[in-house]
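Let's work through a few exercises together, with the model open in front of you. Try each task yourself before you read the solution.

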Amino acid sequence: MDWLLSVTDHIVEFVPSQQISKDGTNMEVMVTRQRSDLLANIPGLLKLDAILIETLDNFGQEQEFWYVSKNENQDMDNSSQRDDKWWHPIVKVPENGLSETSRKRLQYLKESVNQVLKAAMNINAQVLSEIQIPESYIDSLPKNGRESLGDSIYKSITVDSFDPLQFLSAMDFSTEHKVLDFKNRIEASILIWKRKMNQKDGWNPWGSGISSGKRELFEVRAETILLLLKQQFPGVAQSSLDISKIQENRDVGLAIQESYSRVLESLAFSVMSRIEDVLHADSLTRTLRCSEIDCSGDTDTLGIQ
């Protein structure tokens, strides 16, 4: 990482600085410093990286849970394996579950990693927003938001009374492909509406009979949906717009920030997923243990709520 980031030390900008000459005259000269976006984001990314590495190191020192292969687990109860994470190694915990101290520490680590995930996502989104949209992507867009979204989604977004949470709850996100397709449609519609507002003076092929005020309202609604979607599905693949920007980008500084934040985002999501696996196995083990000894409502002993 030091080798990769060393390039950013030479991506600089000119800034004014006060300098005193030999005869005591105070004058303003231009000096170079690391470009402002790199100066702001690189230290933050390094800090997030260090937090994740420390979390992974702590995981290696754990004594209260361990992993077994699927072959080793054939003669055991396989209920701790989550169907949506079948490729993960199988987590095992003591027959009475984790200790209260270990459970609380894992909850703390999960929240800490979740904060890292959010921070990496924010930096990545900010960097991507600064990368110029390629003309090839713009040329591929439909001519209006309705065509991009489809009649059903368009009508739901443009109604007088709109609730983004209710709207998302009614959508079919049963597969990652459906989530990604919806994300592509929303991002395309946002860009279409923005271009229409920016080109409202004079004739343009993006024009329509919708007023600029309504168009701006639809854009805000779509951006709200996109934000909620990213929060709900942080691990979803990159959209067509993001991929197009990354492929066509020629700014080395932005490329380094985007790739670094994207890798940290992916790592944080994976680490948090592994922590959830352990907590899930612990919950199942304590529930099973409680049913075996017939807790009769006294679940405090096993920490079950």
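**Exercise 1. Two helices that cross**

At roughly what angle do the axes of helix 2 and helix 3 cross? Work out from that how the two helices run relative to each other.

*Solution.* Keep in mind that this is a predicted model.

Step 1: find helix 2 at residues 36-60 and helix 3 at residues 100-130. Their axes come within 10 Å and cross at roughly 150°.

Step 2: turn the angle into a direction. Angles over 145 degrees count as roughly antiparallel, so helix 2 and helix 3 are roughly antiparallel to each other.

Step 3: add the handedness. Helix 2 goes past helix 3 in a left-handed crossing.

Step 4: look at who does the touching. On the helix 2 side you'll find, among others, Leu45, Leu48, Ile51, Leu52 and Phe59. Helix 3 brings residues including Leu106, Leu109, Val113, Val116 and Ile123. Sort the residues of this contact by type and you get 13 nonpolar, five polar and three charged.

**Exercise 2. Another helix pair**

Now try helix 8 and helix 9: at about what angle do they pack, and which kinds of residue make up their contact?

*Solution.* Step 1: helix 8 covers residues 176-198 and helix 9 covers residues 212-232. They pack at an angle of about 150°, and their axes are 9 Å apart.

Step 2: use the cut-off again. Over 145 degrees means roughly antiparallel, so that's the label for helix 8 and helix 9. Their crossing is left-handed.

Step 3: list some of the contact residues. Helix 8 offers, among others, Phe182, Lys183, Ile186, Glu187 and Trp193, while helix 9 answers with residues including Arg215, Glu216, Phe218, Leu226 and Lys230.

Step 4: divide them by type. The contact of helix 8 with helix 9 has eleven nonpolar, two polar and nine charged residues.

**Exercise 3. A hairpin**

How many bridges join strand 1 to strand 2, and which residue stands opposite phenylalanine 14?

*Solution.* Step 1: pick out strand 1 at residues 12-20 and strand 2 at residues 26-34. The two run antiparallel, joined by nine bridges.

Step 2: follow individual partners across the pair. Phenylalanine 14 faces threonine 32 in strand 2, and glutamine 18 has glutamate 28 as its bridge partner there.

Step 3: check the turn. Five residues lie between the strands of this hairpin, and glycine 24 takes a positive phi near 90°.

**Exercise 4. Buried or partly exposed?**

Take serine 273, isoleucine 131 and histidine 280. Is each of them buried or partly exposed? Then see what lies across from them in space.

*Solution.* Step 1: recall that buried means under 20% relative accessible area.

Step 2: serine 273 sits in helix 11, which covers residues 252-293. Its relative accessibility is 9%, so serine 273 is buried. Serine 273 is 160 residues from valine 113 in sequence, yet their C-alpha atoms are 10.0 Å apart.

Step 3: isoleucine 131 belongs to the loop between helix 3 and helix 4. With a relative accessible area of 5%, isoleucine 131 is buried. Setting aside neighbours within four places in sequence, isoleucine 131 contacts Lys245, Asn249 and Leu254. The C-alpha atoms of isoleucine 131 and leucine 254 are 7.3 Å apart, with their places 123 residues apart along the chain.

Step 4: histidine 280 is in helix 11 too. At 26% relative accessibility, histidine 280 is partly exposed. Histidine 280 and valine 91 are 189 residues apart in sequence and 9.0 Å apart, C-alpha to C-alpha.

**Exercise 5. The whole protein**

How many helices and strands does the protein have?

*Solution.* Step 1: count eleven helices and four strands.

Step 2: of the 305 residues, 38% are buried.

Key
Residues are numbered from 1 along each chain as its sequence is written. This is a predicted model: local features need pLDDT of at least 70, side-chain atom pairs count only at pLDDT 80 or more; totals for chains, interfaces and linings use all residues. Side-chain values use heavy atoms; hydrogens and water are left out. Axes are lines fitted to C-alpha atoms, for helices over the stretch in contact, and angles run from 0 to 180 degrees between N-to-C directions. Angles under 35 degrees count as roughly parallel, over 145 as roughly antiparallel, 65 to 115 as roughly perpendicular and the rest as oblique. A crossing is left-handed if the near helix is turned anticlockwise from the far one by less than a right angle, and right-handed if clockwise. Contact means heavy atoms within 4.5 Å. Ala, Val, Leu, Ile, Met, Phe, Trp, Tyr, Cys and Pro count as nonpolar, Asp, Glu, Lys and Arg as charged, and the others, Gly among them, as polar. Two strands pair if DSSP finds at least two bridges between them. Buried means under 20% relative accessible area, exposed over 50%, partly exposed in between (1.4 Å probe, protein chains only).
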